[in-house]
Amino acid sequence: MKGSFFTLTLLAMSLQQAFAVTPATATKPTTAEQVALNQLDPVVVTATRTERNLADLPPSVSATQRDELNTNMINDFRDFARSEPGVNISKNSRFGLSSVNIRGLEGNRVLMLVDGIRLPDVFTFGAYLNSGRDQVDFSQLSAIEVVRGPSSTLYGSDALGGIVGMRTTEPADLLQPGQQVAGQVKADYGSADQSYGGQAAVAFAMGENTLGLVQVAGRRGHELENKGTIDTQKYGRTTANPQDTEKRSALVKLQHYLDGGHKLGLTAETYRSEVDTTLYSEIGAPMLTSVKSSHASDEQERRRISLDYSYTAPAAGGVIDSAQAKIYRQSMDTTQSSYQVRQSGKVITPNWSRVSFYEQDLTGINGLVEKKIDGEISQRWTIGAEWFQTDFSELRDGTPASSSLNVRDIPKTKTTQWGIYAQNELGFADGRFTLTPGLRYDAYELTPEVDKAFSKGGGKATGLKDSAISPKLLATWRAAETVTLFGQYSSGFRAPNALELNGSYVSPMGYAAIANPDLKPETSRGFEFGSRFGDNTLGGSVTAFDNRYDDFIEQMSINCPGNTACVPGTFVTYQSQNISEARIYGAEARMHWQFADGWQTWGNVAWAKGKNESNNQPLGSVAPLKGVFGVSYSQSQWGSQLLFTAVEKQTETPNATDFQAPGYGVVDLTAWWSPVKNLTLTGGIFNLTDKKYWIDSDVRSIATNTSTLDRLTQPGRNARIVADWKF
């Protein structure tokens, strides 16, 4: 409460001079200037919702531009995490990449955005439904921005641990000044999963004020290789299960510039993945002794359409300098099917199946206005609001028919959230010192729909209505021309979701789950201190952080009978409860040095420790110390880089029996060559020394004595090649 009061006071003080001085000059560039814009310093949108230079933001904010994605051959979230310490993603051998982790928090505690629109939630229920966040085609992206630490002041719920903001390609990314049509064709191959892909994009200008883009991509591949050596077609197999994968995406944009600084944009996007897996590793498994064959078919599709509006004042003196608004609709459908032949004694069930359906639809609108005010104390106001509604549906079906199928384990749920926020960047001493208070209010409501499919399972549902306030305060001091110091307090929260609130059913096997109408939101508060220093030749950043989290929601087991919460006739009843308090602290550093003509070296390091303060045990979700170090050489037509990744052994596991992933070092070598104008060939050899290693997030909570650990190892030496032609 004290932090909220202090922030409110600063906002009120700055409002006193809001219209007492002359506004700063703001001009709208022409369409040609928009196309020709060359950003020497990365421009970041996610951290403040408006364009800012990366150098003006705390070190907890990082940005990876399209050129870096190309040079480092980054095709997915696992590739991205390879060279981005402090960011990790877990992988399931069947369901693929799932949950992005920032500084030890993951799942729905990390907000993920594409063009400012939320990606669907991570959703896992039992062994046959696991819908993750791998719903983006990286070939469509122009930049990836990461904000580490609590970030709810601008984004509301789910930004408890941080934000991953992705921006898709703009027509101006391809068009050069004076061009009416430009395009790109790209093809690549990767040996680790024997995958090949292609992408084509065309950008065009219609007259002086209209731009467009059409981009399509596709990819096919197989299972990701590992270092396992047992190739049996049953449990005990350590080589990867056979798998066929296919991904397709499309992106269409139209943008029209109007007189007076107005711009309209229309975006349509689709992404679809299909994965077929032969699950040899389930045949004869200890808990599945009746399984004689097992096959899985998993499909996921995300579709989005959005209408954007932006305004930039053509001259100084207006009421506002800029504004933006967005209205959007997004839908995601996941169907995950498991087909088995089972045998118990002499009874054979040839058509045993489980088919899980998960759908999440999102509709929303948001907008903001920005105002710069000159004066002895300069100001930069950002005031905005948003409303969005999520419709959730889950269903479990299969064969042979039984009373436990065609059932919803969670009722259909409508979640509505709206929020208003304001922040003001106050500049003192000609901008050398700035103080930026911010505050947001959110209200949210979960409304379940109890239908026959949910009632059939014997559960009960409850609604939820609550609100949250998220303050923030950032201070910066330009101590020297090339040194800026930062200090920040920020907060975050995450509202309970439908599963946590109403995962509710009664099993004939003697266990049950019940709703919890008393769930509170998870909250976080974080302190951070750091610095950016140097220039493009020699520089870097360093930051230290300490984040505390309250009311973590965890599923608890209640022994029955003997407790009033027990469902009659059960031996155990499950319920989501607010129980945990946690602390995660650590430090991160980045350095770069251009030590000779064409030569550059750099290093990134992230270290963190986490503790569950409810039981004084380590948090298993915090990754071990990781460093990435590189050296590169480049000329006008070719270049190469050597990358070394070093990870410490994981020693902070919650249970003594958990497998502790050994430390490792991996060397990657990439090179590019432009034999003719506009054609670039890029190749890479990854895990050059053929190292056998595990990534900690893939083996979390797996016992040390598990005989099939090698199935979770990473690929050995593998190669990729890319051909990229622009016209």
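The dialogue below goes through cavities, strand pairing and ring contacts in a predicted model.

User: How do you know which numbering and which atoms apply here?

Analyst: Residues count from 1 along each chain as its sequence is written, and side-chain values use heavy atoms, with hydrogens and water left out. The model is predicted, so local features need pLDDT of at least 70 and side-chain atom pairs pLDDT 80 or more, while totals for chains, interfaces and linings use all residues.

User: What makes a space in this structure a cavity, and how many are there?

Analyst: On a 1 Å grid over the protein atoms alone, a cavity is a set of points where a 1.4 Å probe fits but cannot get out. The search of the whole structure finds five cavities of 30 Å³ or more. The largest has a volume of about 240 Å³. That volume is the space filled by probe spheres set on the points, with grid points joined across faces, edges and corners.

User: Why are residues such as Lys91 said to line the largest cavity?

Analyst: Lining residues have an atom within 4 Å of a point. There are 18 of them for the largest cavity, and the closest to its centre are Lys91, Asn92, Ser93, Leu224 and Arg711. The lining divides into four nonpolar, eight polar and six charged residues.

User: What makes a lining residue of the second largest cavity nonpolar, polar or charged?

Analyst: Ala, Val, Leu, Ile, Met, Phe, Trp, Tyr, Cys and Pro count as nonpolar; Asp, Glu, Lys and Arg count as charged; the others, Gly among them, are polar. The second largest cavity holds about 90 Å³ of space. Its lining has five nonpolar, three polar and three charged residues. Among them are Pro59, Arg148, Ser541, Glu588 and Ala606.

User: Which strands supply at least two residues of that lining, and what makes them strands?

Analyst: They are β28 (538–559), β29 (572–596) and β30 (599–612). Strands are DSSP runs of E, at least two residues, and helices are runs of H or I, at least four residues; both are numbered from the N terminus.

User: How do you know that β28, β29 and β30 pair?

Analyst: Two strands pair if DSSP finds at least two bridges between them. β28 and β29 have 21 bridges and are antiparallel. β29 and β30 have 13 and also run antiparallel. Both pairs therefore meet the cut-off. Phenylalanine 545 stands opposite glycine 586 in β29, and glutamate 588 stands opposite alanine 606 in β30. In the hairpin of β29 and β30, two residues lie between the strands, and glycine 598 takes a positive phi near 85°.

User: What sense does the pairing of β26 with β29 have?

Analyst: Parallel: strand β26 (residues 511–514) pairs with β29 over four bridges. Isoleucine 514 stands opposite glutamine 575 in β29.

User: Where does β23 find its partners?

Analyst: Strand β22 (residues 433–449) is joined to β23 (residues 464–480) by 14 bridges, antiparallel. β23 also pairs with strand β24 (residues 483–494), antiparallel, over eight bridges. β23 and β24 form a hairpin with two residues between them.

User: Why are β3 and β7 called edge strands?

Analyst: Each pairs on one side only. The open sheet has five strands in the order β3-β10-β11-β6-β7, with mixed pairing. β3 is joined to strand β10 (residues 141–148) by five bridges, antiparallel.

User: How do you know that arginine 103 sits over a ring?

Analyst: NZ of Lys or CZ of Arg must be within 6 Å of the ring centre and within 35 degrees of the ring normal. The charged end of arginine 103 is 3.8 Å from the ring centre of phenylalanine 545, so the distance fits. Arginine 49 lies over the face of tyrosine 155 at 4.2 Å from the ring centre.

User: What makes two aromatic rings a pair, and which residues cluster?

Analyst: Rings of Phe, Tyr and Trp (its six-membered ring) pair if their centres lie within 6.5 Å; planes under 30 degrees apart count as stacked, over 60 as edge-to-face and the rest as tilted. The structure holds 18 aromatic pairs. Ring pairs link Trp593, Phe595, Trp599, Tyr633 and Trp638 into a cluster.

Note on methods
On a 1 Å grid over the protein atoms alone, a cavity is a set of points where a 1.4 Å probe fits but cannot get out, and a pocket is an open set with protein on both sides within 12 Å along at least five of seven lines; lining residues have an atom within 4 Å of a point.
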